Amino acid sequence: ENKFIFCDINDEHCLVGYIGDDTNLILPEKYKYAINNDVFKNCTNIKYVEVPNSITKIGENAFYGCSNLKTIVNFSHLIIKNNSSYGHIGYYANKIINAPDGEKIDNKFYFCSINNKHYLAGYIGDDTNLILPNNYKDDNYIIGEQAFYYCDRLVSLIIPNSVTCIEKDAFRNCANLNQIEIPNSVKTIGECAFYNCKEMSSV
């Protein structure tokens, strides 16, 4: 982690510099800290960022000019998509997985729990044929809003009978999704959940 430069400013622990060249940027989560202004400005190599819940704030223009940043996994309560707030971090991304206080499973599934309900908040793998996890914490779960948004490598999908709901836009723009198995446990499917799944031939 010596590519991240920290110091204390006015009794606040701050990330003040970055000297790495990551494509996939995973921010440290050992302690609470703020990201200073301009830290990642014009880092056009960054395509993916994980924001832990230890981030307290993101300074002005911290990610300004990161024009190739397409995917954000947000474990914090920060970030707004298509917005210049929080240092432009959500401005360029076409996929933001919001999993507040959540966790990563098998390095590709992101789960979180809100009001005693479990959500598969997002997926960042590149599988073409995918079987979803059987359960989360030995319990049922919901496939969250935009969880598989723009997963255009996905061709076939099997949903287990622990899934109770597919929220809106969950598989939106999965343009090559061809086959899907949906169990009887799924009671509701949200608006546009499969919008623009152009290749769908078997459900």
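This passage describes strand pairing, a surface patch and the surroundings of two buried residues in a predicted model.

Near the start of the chain, strand E1 (residues 4-9) pairs with E2 (12-18) in the antiparallel sense, and 6 bridges connect the two. Within this pairing, Ile 5 stands opposite Gly 17 in E2. The hairpin that E1 and E2 make has 2 residues between the strands, and Asn 10 adopts a positive phi near 50° there. Ile 5 also belongs to a nonpolar patch on the surface, together with Ile 9, Val 16 and Ile 19, and these residues jointly present about 310 Å² of accessible area. Of these, Ile 19 is located in the loop that links strand E2 (12-18) to strand E3 (24-26); because its relative accessibility of 62% lies over the 50% limit, Ile 19 counts as exposed.

A second arrangement is an open sheet of 6 strands, in the order E9-E10-E11-E13-E15-E17, in which the pairing is mixed. Strand E9 (103-105) and strand E17 (188-189) stand at the edges, and because each has a single partner strand, one side of each is left without a neighbour in the sheet. Elsewhere in this order, strand E13 (residues 141-143) and strand E15 (residues 163-166) run parallel and are joined by 3 bridges, with Ile 143 having Ile 166 as its bridge partner in E15.

Two polar residues with low accessibility were examined further. Ser 76 lies in the loop between strand E7 (71-74) and strand E8 (95-98), and it is buried because its relative accessible area, 4%, is under the 20% limit. The side chain of Ser 76 makes a polar contact of 2.5 Å with the side chain of Asn 74, while a polar atom of the Ser 76 side chain also lies 3.0 Å from the backbone nitrogen of Leu 78. When residues up to four places away in sequence are not counted, Ser 76 touches Val 51, Pro 52, Asn 53 and Pro 100.

Lys 95, which is found in strand E8, is likewise buried, with a relative accessible area of 5%. A polar atom of the Lys 95 side chain lies 3.4 Å from the backbone oxygen of Tyr 149. Leaving aside neighbours within four places in sequence, the residues in contact with Lys 95 include Lys 70, Thr 71 and Ile 72, as well as Lys 81 and Tyr 123; also among them are Gln 146, Ala 147, Phe 148, Tyr 149 and Cys 151. By contrast, Ser 202 is 26 Å from Lys 95, C-alpha to C-alpha, and the two residues are 107 residues apart in sequence.

Terms used. Residues are numbered from 1 along each chain as its sequence is written. This is a predicted model: local features need pLDDT of at least 70, side-chain atom pairs count only at pLDDT 80 or more; totals for chains, interfaces and linings use all residues. Side-chain values use heavy atoms; hydrogens and water are left out. Patches are made of residues with over 30% relative accessible area and no salt bridge: like charges are joined within 9 Å, nonpolar side chains (Val, Leu, Ile, Met, Phe, Trp, Tyr) within 5 Å. Accessible areas come from the Shrake-Rupley method with a 1.4 Å probe; for residues, only the protein chains shown count as cover. A salt bridge is a side-chain nitrogen of Lys or Arg within 4 Å of a carboxyl oxygen of Asp or Glu. Helices (H or I, at least four residues) and strands (E, at least two) are DSSP runs, numbered from the N terminus. Buried means under 20% relative accessible area, exposed over 50%, partly exposed in between (1.4 Å probe, protein chains only). A polar contact is a pair of N or O atoms within 3.5 Å; within protein, one must be able to donate a hydrogen and the other to accept it, and residues adjacent in sequence count only if both atoms are side-chain atoms. Contact means heavy atoms within 4.5 Å. Two strands pair if DSSP finds at least two bridges between them.
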